[in-house]
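Colleague: Could you take a close look at one part of this model, the helix packing and the strand residue that sits beside it, and tell me how far the prediction can be read there?

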Amino acid sequence: MALIALAADKGAPGVTTAAVALGAVWPRPVLVAECDQAGGDLVYRLPAAPGTADGPQGHAADGGMLNPSRGLLSLAATARRGLRPDQIAEHCQRLVGGLDVLVGTTNAEQAQAMTWLWGPLGRAFAGLDPVDVIADCGRLGAGTPLTELMHEADMVVLLTRATLEQVAHLRERVAALTSELRGGPPVGVLVLADPRDFRGSIAEVDRILAGVRGRARPMDAGAQQGPPPPDVTVLGGLALDPKGAELLSGRWGGRLDRSLLIRSAREVAGELAGRLASARPALGAAHDRGGHDVPPPYRPAPEPPPAPGPHVPPAVQAPPGEGLSADGQVPASERTPPTGQVPAGGRHEEGRR
């Protein structure tokens, strides 16, 4: 199915938070994979579902830590003889609430020894069926080996805050990336915007990026006869919502489904899923897009019980159509969490009610 590579340039716009928020409300079965070269954060942020990870005493624990050794590291150890999509499930873990994740490395040194993995991993992600993959690629830099994974993606999505310095860095990154991904997937941009000027911030970023759409870097002038650079589109925005981000990590009390972050993520997820469904051609019955035999279907890790709905934590489920208004605002009564909050540092109790 679809592979979405989510990344950013300089700064800390919250790629991991965005990946988890989008995964929580994704309209189809989904896997969130940590592919950050600097090391992943999920093992420190989010609790595991019952039976998924080993607790500190070596037994499965409800709300215990994810196992840092089970994920990209264990997958890489088995992938040197070849990697098939059906191998991925046994290295995944499940969060409280039902979201499947592939935990990344815990430091940059581990990632440096795995540069050979990104191309095969991207092809395996793209061959998962019927699961979409949101790959958290963290911050991109010059010559990143993650370019090989992004070449296999159906869309590369860059996240930025609506500040002058971050948009300026993003503009340069878009120009470089479109040159590197000639003939590859389209590039989308998500703006992490203040809800008080939500639509205005998105429109301003769109205006600034208009000058680099389809423009190759001067060093690539000789490649003009090759494949065209990918399209660049501003897809929309995620609400800049620190309290919602804390709630998503279990460090703040309130209703997750009422947070601006989740409500805006639901709109973005629907937009992205719709674009991917209409843009990606149907795969043939006998071959994938690489011309190889279609791999066996992906089957989620069998040990945890299935959560209600397609990998959507119950706390995030909300009536359809509930999102940000046209100006990015919500009624004042919904900006304040109701009483009966989860205690600070709670373990996603809202997701189990």
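**Helix packing and its surroundings**

Modeller: Before turning to the packing, I should say that this is a predicted model, in which pLDDT stays under 50 over residues 282-323, a stretch for which the model nevertheless has 89 contacts beyond four places in sequence. Residues 55-61 likewise keep a pLDDT under 50, with ten contacts beyond four places in sequence. For the protein chain, the mean pLDDT is 76, and 70% of the residues reach 70 or more.

The part you ask about begins with helix 7, residues 164-180, and helix 8, residues 198-209, whose axes lie 10 Å apart and make an angle of about 40 degrees. Because angles between 35 and 65 degrees fall outside both the roughly parallel and the roughly perpendicular classes, helix 7 and helix 8 are oblique to each other. The crossing of helix 7 past helix 8 is right-handed. On the helix 7 side the residues that meet the partner are V167, L170 and R171, and on the helix 8 side they are V205, I208 and L209.

The strand residue is T160, which belongs to strand 6, residues 155-161. With a relative accessible area of 1%, T160 is buried, since the cut-off for that class is under 20%. Leaving aside residues up to four places away in sequence, T160 touches V167 and L170, and also V205, and these three residues take part in the contact of helix 7 with helix 8 as well. The other residues that T160 touches are P13, Q166, V189, L190, V191 and L192.

A second helix pair can be set beside this one, namely helix 1, residues 15-25, and helix 10, residues 260-279, whose axes come within 9 Å and cross at roughly 70 degrees. That angle makes helix 1 roughly perpendicular to helix 10. Here T17, A21, L22 and V25 of helix 1 make the contact with L261, I262, A265, R266, V268 and A269 of helix 10. Helix 1, too, passes helix 10 in a right-handed crossing.

Finally, a word on the cysteines: the structure holds zero disulfides. C35 is in no disulfide, and the nearest cysteine sulfur, that of C137, is 5.3 Å away, whereas a disulfide would need the two sulfur atoms within 2.5 Å. C35 counts as buried because its relative accessibility is 0%, and C92 is buried too, with a relative accessible area of 1%.

Notes:
Residues numbered from 1 in each chain as written. Predicted model: local features only at pLDDT ≥ 70, side-chain atom pairs only at ≥ 80, totals over all residues. Heavy atoms only, no water. pLDDT = per-residue confidence, 0-100. Contact = heavy atoms within 4.5 Å. Buried < 20%, exposed > 50% of the residue type's maximum accessible area, 1.4 Å probe, protein only. Axes fitted to C-alpha atoms, helices over the stretch in contact; angles between N-to-C directions. Helix = DSSP H or I, 4+ residues; strand = E, 2+ residues; numbered from the N terminus. Parallel < 35°, antiparallel > 145°, perpendicular 65-115°, else oblique. Left-handed = near helix turned anticlockwise from the far one by under 90°.
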